[in-house]
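The exercises below are meant to be worked through with the sequence and the coordinates open side by side. Try each task before reading its solution.

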Amino acid sequence: MGAEIKEITEFDGSLFDQCLRLMWETQGINVCSMEGLKATASSPYSLLLMAQRDGQVIGGATAKILDGGYDYYLPFGTEVVDTMKKSKVGSLNMMGIDPDYQGQGLGQILARQRMEWLQRQGCSLLVGNSW
């Protein structure tokens, strides 16, 4: 694969612009914002990963520790929400891979790194969003 994966904790305009464009291209326009990426990078309760190759962002992914707001999950049943309320919950949020690099395992690497980070934060339950 030859990609370097970094945990991003500080704002870098060029990287963030590339990541935002990638998320919009792969997930849909306005699925995230520059402010959202900055907040994710700067929060101790969330994670922003970027994969780069030859100075270009070819993948990005986010995760966060949930603190309430479980009503979003009510369509899955009250048992699900009750379980969430008793657990420390981590969420696998956005992930986008440059189409030229899809199918090469980068998404699996980013998913695994996010799950490992959430487990290190003490999360015993993980949820994912997909659209």
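Two strands are taken to pair if DSSP finds at least two bridges between them. The model used throughout is a predicted one.

**Exercise 1. Establish the order in which the strands of the sheet lie, and find which strands form its edges.**

Step 1. Following the pairings from strand to strand, one obtains an open sheet of five strands in the order β1-β2-β3-β4-β5, and the pairing is mixed.

Step 2. The edge strands are β1 (4–7) and β5 (125–128), each of which pairs on one side only, while the twist from one strand to the next averages 20°.

Step 3. For a closer look at one pair, take β3 and β4, which run antiparallel to each other and are joined over six bridges; Ala61, for instance, has Met95 in β4 as its bridge partner.

**Exercise 2. Describe how helix α1 is placed against the sheet and against α2.**

Step 1. Begin with the sheet: α1 lies across β2, β3 and β4, and its direction makes an angle of about 80° with β3.

Step 2. Two packed helices are described by the angle between their axes and the distance between the axes. For α1 (residues 13–27) and α2 the angle is about 115° and the axes are 10 Å apart, and the crossing of these two helices is right-handed.

Step 3. Now identify the residues in contact, for which heavy atoms must come within 4.5 Å: Phe16, Asp17, Cys19 and Leu20 of α1 meet Met34, Leu37, Lys38 and Ala41 of α2. Sorted by class, this contact comprises six nonpolar and two charged residues, with no polar ones.

**Exercise 3. Characterise the largest pocket by its volume, its lining and the elements that supply the lining.**

Step 1. The volume of the largest pocket is about 220 Å³, and among the 14 residues lining this pocket, Thr40, Thr62, Lys64, Asn93 and Met94 are the closest to its centre.

Step 2. Assigning the lining to elements shows that α2 (34–42), β2 (46–53), β3 (56–65) and β4 (89–97) each supply at least two residues.

Step 3. Sorting the lining of the largest pocket by class gives seven nonpolar residues, six polar residues and one charged residue.

Key. Residues are numbered from 1 along each chain as its sequence is written. This is a predicted model: local features need pLDDT of at least 70, side-chain atom pairs count only at pLDDT 80 or more; totals for chains, interfaces and linings use all residues. Side-chain values use heavy atoms; hydrogens and water are left out. On a 1 Å grid over the protein atoms alone, a cavity is a set of points where a 1.4 Å probe fits but cannot get out, and a pocket is an open set with protein on both sides within 12 Å along at least five of seven lines; lining residues have an atom within 4 Å of a point. Grid points are joined across faces, edges and corners, and a volume is the space filled by probe spheres set on the points. Helices (H or I, at least four residues) and strands (E, at least two) are DSSP runs, numbered from the N terminus. Ala, Val, Leu, Ile, Met, Phe, Trp, Tyr, Cys and Pro count as nonpolar, Asp, Glu, Lys and Arg as charged, and the others, Gly among them, as polar. Axes are lines fitted to C-alpha atoms, for helices over the stretch in contact, and angles run from 0 to 180 degrees between N-to-C directions. A crossing is left-handed if the near helix is turned anticlockwise from the far one by less than a right angle, and right-handed if clockwise.
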